[in-house]
Structure formats: C-alpha cells, structure tokens
Amino acid sequence: PEPPPPLLSVDVTGLVSQFARSFVLIFPVYVLGYLGLSFTWVLLALFGLFWIRRHRGGKTSRLGRALAFLEDEEEAVRLSVSSADLPAWVHFPDTERAEWLNKTVKQMWPFICQFIEKLFRETIEPAVRGANNHLSTFSFTKIDIGHQPLRINGVKVYTENVDKRQIILDLQISFVGNCEIDLEIKRYFCRAGVKSIQIHGTMRVILEPLIGDMPLIGALSLFFLRKPLLEINWTGLTNLLDVPGLNGLSDTIILDIISNYLVLPNRITVPLVSEVQIAQLRFPIPKGVLRIHFIEAQDLEGKDTYLKGIVKGKSDPYGILRVGNQIFQSKVIKENLNPKWNEVYEALVYEHPGQELEIELFDEDPDKDDFLGSLMIDLIEVEKERLLDEWFTLDEVSKGKLHLKLEWLTLMPTAENLDKVLKEHDKANDGLSSALLILYLDSARNLP
C-alpha cells in the first residue's frame, strides 16, 4: 500500500524567496557602511524608485480601466461611479433608479416612522419576550427613528414568470440614520439603548390581487428575500448581557429576531379592500421544494498554516446553505482539501424569480473560521432545468470547486397520488420527503 500523504509540507520556494528579499534589502545598507557613504544616498534611491513605480502604476491603472470599460461597460460604470452620483436618466436593463420614489418616501417619512414604532411594539417586542424566559419583561420605552429617511437605490419590476393578477417589485433599500431607541428589562432593572441603525438589503413588494374596482389593488405585501445587513450601535448592552441567563446571548441573537421577522417566509401584509382573503396572502403555499444534494468539493485552499505560513497544512471544511431564512449546516470533514459530504437538504421556495441558493464554505478553527469560498445560484435556472448535476467554481477565492445536485420539485394540488408515492418511498428507504403538510392555525375559542 502507498504511504499516506504527509499532513504538513514545507514551502521551500517561499522560504528561499523570503531569504532573497531580506538579503536584497540589507545588502545595500552594508555596502554604504563599508564604503563610508552617507545615508542620504539610500533616501535618494528610495525616492527615485517610488516615483518610477507611481508613474508606471498610474499608466497601468488607466490602461486597465480603459480595457475593463471596453469589455464590460455596465460593470465598469458600477465599479467606478457610485449609484448616488449617477444622473436620474442613467439606468441598466435590470434595475432602474426612481428618484421620484425617494422624494415620495421623504414626504411620507414621519408616517412611516409611526408604522415602524407600531411594528416594534406589536411584533418585535412580543418576539423578543418569547425568545427567552429572562426576557419576559422586555419592553421598548422610547422609539425615535430619526429624521433621515431610507433611500431606495434601485427598483426592479418583474414582467416574466409572474401571475397576471400581481405586480412584483424589488427595492434595493439602504438606511443609515441616527435614532434613539431605549429598552429595558423591568425584572432585572436593566436598561440599554440604540443610537444608530444601518439596514441594507433587497425588499420585495407584491401588489396582489389586482381587481377591477378601486383602489385596483387588493393588498400589499412586504418582506426581504434574504436576511438584510443589519447593524445596530448599542449603548449599555454590556449591562444587559450581565443579566442571569443572558450571559450566552449576544447582540447577534437580537438582530436575528428583528431581521428574521421580516425575511421570507415571514411577511407584512396590508389589506386594501375588505373582500381579500388575508390568510392566503400572509401564508401562501410554496412555489416548490428545492432538494439540495451537497456532495463534495475539490482543490480547496489550505488555511491551516504554521510558522507564519512557511509550513502549510490542510483545512477542516464545512458548508452553510441558505434559502431565505432556512439555514442548513453540513458536517465538518477533518484535514481534507477534497471533502465528500454526501448530504441532502430540502428547502421550501416561496418566491421566484428573485430567490437564490446561497452557499458558503468555511474552515473550522478554534478561534475564527476561515473563509473557503461562496456560491450563489438563481433558482429560476434550477426550475427551468428541473435537475442540475454540476461542478460549480467557488467565488471570492483563488481556487476550489463544489459538486452539487439540485432538484426542483413542484407541488401537486391534490393528494390523489399520495398513496402511490408513499409506497415508492417506502421501497426506496432514502429518508427523503414524499409530501408537504401545511397547517394553518386560524383561531381558538373558550380557552381557560
């Protein structure tokens, strides 16, 4: 049998290169001292070298920008010009700017703040209280969102693969504002506050159903397709986390409670006419089920290094998969750059187009896990193909591939074939789902 490969390998080329660079830097100083020359010559040489590099770097940068503009005009404009600097008439096919909408939001901002305050008190506050027994007396004592309105950086309207009785818009929103939000836990006489909030994400707005009478729209639904970037600047949070039972909590848990309440499949639905069946809009049947076969990866980066990178090791890779607020985490494969997971996950897909499968690979470490690459897959492509079995190149890293098998399963409206499907799955004994059971809890009466 072949001997097992060594876990550690010495980077001889890197060691020699590092020695050569050190020698080149030290040798001129030795020569100057040996000849008895002034140190001014070193400064003059460094100044000349710096000027030459800067001059060449400027020419290379200008040439690179010109070539990039020729290859991809849209991407070059997006990288070089911020969206706030673009004039109102400049837009790309997918996303349009809507300055009129920002002016409308600015006029409506005081009333939007009233709605946000109501959302905090009636929705988020009960959710925080239910997250932990020690938070049962949690409450907001003051909510002031501030005078700076949120900004809509782009609007995308879907005209294909949508129902004729609905309008779907994706709003790229960002909010950076100074606010004043005070909260307390009366049980422990503990208080904290928020002095600034940042939110960046894509909010979907669905206008449905379209009707033949005024106001032409039956209801309005708002939600985030994926968890937005939410940063909160706390004051007094250290004292809050000293409460018994909350030592293991962090501000990220509170952020998760707030953000997940607005992330698909959770949504805010506002009826505009009384005849609309609000339950069907708030809790729609999923469009389909995405079955993810998380199989293997190849040629991942070795993140475990020793002696300041001279000795290279391997990685302990694992994956995190997200569809909306559904999160799956794979097992960790120890010391392997070509791991094989062979795991299967099933995620409900409530909205398409627009929803994506997000995958991130990490190297498990005792302190902080290292990033090994990411992948974004549009679920529209999976729905069209019905079955994808491919190797995908990882993004944001120099190397690495991921092998996935993706299945799109469409739900049948009736249970006529359920018995047949159940018998087939009993024979297969693969542990995969054969049907989806949806329960809608409407109301209760005569409770004690």
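**Entry 1: helix α1**

I began with helix α1, residues 12-35, which has 24 residues and spans 34 Å from its first C-alpha to its last, close to the 34 Å expected at 1.5 Å a residue. I note at the outset that this is a predicted model.

I then looked up the course of the helix axis. α1 bends by about 25° at Ile-26, and I found a proline, Pro-28, following within four residues. On cover, I recorded that α1 is hardly covered, with a count of 1 for the buried residues among its 24. Just after the helix, I noted that Gly-36 takes a positive phi of about 75°.

**Entry 2: the chain as a whole**

I turned next to the totals. The chain has 448 residues, of which 35% count as buried. I counted its secondary structure as 9 helices and 18 strands. Of the contacts with a separation of 6 or more, I found that 63% are between residues 24 or more positions apart. The accessible surface comes to about 29,100 Å², and carbon and sulfur atoms hold 57% of that area.

**Entry 3: strands β2 to β5**

I followed the pairing of β4, residues 167-185, with its partners. Strand β2, residues 138-144, runs antiparallel to β4 and is joined to it by 6 bridges; here I noted Asp-144 with Glu-180 of β4 as its bridge partner. β3 also runs antiparallel to β4, with 7 bridges, and in β4 Leu-169 stands opposite Val-157.

The pairing of β4 with strand β5, residues 190-207, is antiparallel and has 17 bridges. Within it I located Leu-183, whose bridge partner in β5 is Ala-192. I recorded β4 and β5 as a hairpin with 4 residues between the strands; in the turn, Phe-189 has a positive phi of about 50°.

I also looked up one residue of β3. Asn-153 lies in this strand, which covers residues 151-158. Is Asn-153 buried or exposed? I found a relative accessible area of 23%; because buried means under 20% and exposed over 50%, Asn-153 counts as partly exposed. Its C-alpha is 7.3 Å from that of Ser-174, and the two residues are 21 apart in sequence.

**Entry 4: the sheet with β12 and β15**

I traced an open sheet of 4 strands in the order β13-β12-β15-β16, with antiparallel pairing. Which strands stand at the edges? I found β13 (326-329) and β16 (370-378) there, each with a single partner strand, so one side of each has no neighbour in the sheet. Neighbouring strands of this sheet are turned against each other by 15° on average, direction ignored.

Inside the sheet, I checked β12, residues 317-323, against β15, residues 356-363: they run antiparallel and are joined by 6 bridges. Pro-317 has Asp-363 of β15 as its bridge partner.

**Entry 5: the sheet with β17 and β18**

I then traced another open sheet of 4 strands, in the order β14-β9-β18-β17, and its pairing is antiparallel. Its edge strands are β14 (340-349) and β17 (387-393), each of which pairs on one side only. The twist from one strand to the next averages 20°.

For the edge strand β17, I looked up its pairing with strand β18, residues 401-409, which is antiparallel and extends over 7 bridges. I closed the entry with Leu-387, which stands opposite Glu-407 in β18.

Note on methods. Residues numbered from 1 in each chain as written. Predicted model: local features only at pLDDT ≥ 70, side-chain atom pairs only at ≥ 80, totals over all residues. Heavy atoms only, no water. Helix = DSSP H or I, 4+ residues; strand = E, 2+ residues; numbered from the N terminus. Buried < 20%, exposed > 50% of the residue type's maximum accessible area, 1.4 Å probe, protein only. Contact = heavy atoms within 4.5 Å. Areas by Shrake-Rupley, 256 points an atom, 1.4 Å probe, with all protein chains shown as cover. Expected span 1.5 Å × (residues − 1). Bend = angle between axes of the 7 residues up to and from the residue. Pairing = 2+ DSSP bridges. Axes fitted to C-alpha atoms, helices over the stretch in contact; angles between N-to-C directions.
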